Amino acid sequence: MKKSIELSPNIETLFGTRDENLHVLEDGLNINIDLRSKHIELEGAPRDVARAEQLFADYEHLRKSGYQFVNGDLSSMLRVVVSDANATLRGLAEAGRQRSFGRRTVQPKSPNQRRYLEAIEHHDMVFGVGPAGTGKTYLAVAMAISALLNKQVNRIILARPAVEAGERLGFLPGTLQEKIDPYLRPLYDALFDMLDPERVERYLEKNIIEIAPIAFMRGRTLNDSFVILDEAQNTTSEQMKMFVTRLGFNSKAVITGDVTQIDLPSARRSGLIEAVDILQGVNGLAFVHFDETDVVRHHLVQRIIRAYDEHKTRMAEQQLSLLEPKPSAPQPAPMAQPVEEPHVRN
């Protein structure tokens with residue numbers, strides 16, 4: 001099927017640098033896009049051409065309504081649209097517009113990130129499990145800030161286990177807050193990225209935003225709160241059970257972690273792994289699993305994560321092959337003994 005679309009003013013901003021966005025559409029929708037002087041020709045299966053036509057119409061609508069795409073959001077949103085038949089460019093943009101993230105615009109950059117944001121909106125407890133760089137913590141903090149600014153909750157509580165990444169830092173000097181701050185720095189980074197520093201400091205002073213190690217959660221009931229547990233793979237079974245039972249009325253909880261980066265002593269089982277196994281069938285919870293295709297850091301990070309995963313698979317296969325019993329060599333059949341003829345006496 002062929003379809004011709006008239007070129008409207010400023011539509012070239014959709015094409016991207018060196019037409020990279022058009023290549024995304026061609027590869028993702030399995031169509032051919034031919035640029036002419038006054039129109040665009042689309043060729044492919046009727047359903048795929050219709051999706052591409054809808055995408056061009058959505059972009060034109062957003063542009064006329066004054067929507068601004070920033071920081072590569074357009075390319076990321078196009079990748080989400082072509083990989084998810086239920087997603088539309090207009091729907092993604094307007095969903096992001098409805099959420100208030102302070103001074104930043106946050107858009108999902110992969111289908112799993114989109115499912116993650118929707119799961120947080122529609123469930124009171126969400127587990128986000130996956131490798132580093134997939135936006136688990138950043139998006140959770142963004143949704144917490146959105147809930148706070150929209151007065152859906154009264155405070156944000158950010159918790160993390162105080163576990164070193166494979167090293168021993170010893171006794172840190174300073175007050176209790178100064179001792180635990182190094183463990184919680186990634187959460188501070190996300191806050192300062194989305195809110196003005198003065199506003200963050202004011203919220204911290206008034207305990208509207210509270211950052212603490214998970215050990216400080218025991219005995220509390222967290223009402224009207226958005227609670228985030230980061231680095232949950234480093235919780236013990238007891239800590240995880242304690243945390244998931246803190247949730248009070250009108251509260252949400254998001255638990256994030258990477259099960260490939262566990263820093264607990266080898267004898268301890270991760271509370272995150274156990275919780276995913278135990279709570280999988282509980283109604284009202286949502287689980288979102290990320291992989292290397294969701295990584296939004298440097299493109300090398302995707303390749304590095306993939307290399308580690310492949311190495312882990314090879315090592316597991318080698319261990320299985322060592323455990324398998326080796327077939328024993330066939331034993332030679334016993335030689336038949338000659339039968340003696342009976343001796344007959346004359």
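Is phenylalanine 15 buried or exposed? Let's start there. This is a predicted model, and phenylalanine 15 comes out buried, with a relative accessible area of 8%. The cut-off for buried is under 20%, so 8% qualifies.

Where does phenylalanine 15 sit? In the loop between strand 1, residues 2–6, and helix 1. Look at what phenylalanine 15 touches. Leaving out residues up to four places away in sequence, the list is Leu7, Glu20, Asn21, Leu22, Leu35, Ile40 and Phe56. One distance to check on screen: the C-alpha atoms of phenylalanine 15 and leucine 25 are separated by 9.8 Å. Those two are 10 residues apart along the chain.

Pick Asn21 out of that contact list. Asparagine 21 is in helix 1, residues 20–29. What is its relative accessible area? Just 4%, so asparagine 21 counts as buried. Its side chain has a polar partner. A polar atom there lies 3.0 Å from the backbone oxygen of leucine 14. Now its contacts, again not counting residues up to four places away in sequence. Asparagine 21 touches Leu14, Phe15 and Gly16, and also Leu74, Ser75 and Leu78.

Leu74 brings us to the next element. Leu74, Ser75 and Leu78 are among the buried residues of helix 3. The others are Asp73, Ser76, Met77, Val80, Val81 and Val82. That makes 9 of 11 residues buried, so helix 3 is largely enclosed by the rest of the structure.

Which residues of helix 2 and helix 3 meet? First, the geometry. Helix 2 covers residues 46–64, and helix 3 covers residues 73–83. They pack at an angle of about 150 degrees, with axes 12 Å apart. The crossing is right-handed. From helix 2, the contact uses Arg51, Leu55 and Tyr59. From helix 3, it uses Leu74, Leu78, Val81 and Val82. Sort those by class and you get 6 nonpolar residues, no polar ones and 1 charged.

Let's step back to the whole chain. It has 11 helices and 9 strands. There are 346 residues, and 42% of them count as buried. Now take the contacts with a sequence separation of 6 or more. Of these, 73% join residues 24 or more positions apart.

Here is a pair with that kind of separation. Valine 106 and leucine 139 are 33 residues apart in sequence. In space, their C-alpha atoms are 7.8 Å apart. Valine 106 lies in the loop between helix 4, residues 89–98, and helix 5, residues 111–122. Its relative accessible area is 5%, so valine 106 is buried.

Leucine 139 is one of the buried residues of helix 6. How many residues of helix 6 are buried? The count is 12 of 14, so this helix is mostly covered. Among them are Lys136, Thr137, Ala140, Val141 and Met143. Helix 6 runs over residues 136–149. From first C-alpha to last, helix 6 reaches 20 Å, close to the 20 Å expected at 1.5 Å a residue. Just after this helix, lysine 151 takes a positive phi of about 60 degrees.

Helix 6 also meets helix 5. Their axes come within 11 Å and cross at roughly 35 degrees. This crossing is right-handed. Helix 5 brings Gln113, Tyr116, Leu117, Ile120 and Glu121. Helix 6 brings Lys136, Leu139, Ala140 and Met143. By class, that contact has 6 nonpolar residues, 1 polar and 2 charged.

Last stop: a strand. Glutamate 210 lies in strand 6, residues 209–213. Is glutamate 210 buried or exposed? Buried, with a relative accessible area of 16%. The cut-off is under 20%, so glutamate 210 at 16% falls on the buried side.

What does the side chain of glutamate 210 make a polar contact with? The side chain of arginine 220, at 2.8 Å. Arg220 also appears in the contact list of glutamate 210, with Arg155, Ile156, Ile157 and Leu158. That list leaves aside neighbours within four places in sequence. Leucine 158 is 52 residues from glutamate 210 along the chain, yet their C-alpha atoms are separated by 6.2 Å.

Find that pair on your screens, and we'll take questions from there.

Note on methods. Residues are numbered from 1 along each chain as its sequence is written. This is a predicted model: local features need pLDDT of at least 70, side-chain atom pairs count only at pLDDT 80 or more; totals for chains, interfaces and linings use all residues. Side-chain values use heavy atoms; hydrogens and water are left out. Helices (H or I, at least four residues) and strands (E, at least two) are DSSP runs, numbered from the N terminus. Buried means under 20% relative accessible area, exposed over 50%, partly exposed in between (1.4 Å probe, protein chains only). Contact means heavy atoms within 4.5 Å. A polar contact is a pair of N or O atoms within 3.5 Å; within protein, one must be able to donate a hydrogen and the other to accept it, and residues adjacent in sequence count only if both atoms are side-chain atoms. The expected span of a helix is 1.5 Å times one less than its number of residues. Axes are lines fitted to C-alpha atoms, for helices over the stretch in contact, and angles run from 0 to 180 degrees between N-to-C directions. A crossing is left-handed if the near helix is turned anticlockwise from the far one by less than a right angle, and right-handed if clockwise. Ala, Val, Leu, Ile, Met, Phe, Trp, Tyr, Cys and Pro count as nonpolar, Asp, Glu, Lys and Arg as charged, and the others, Gly among them, as polar.
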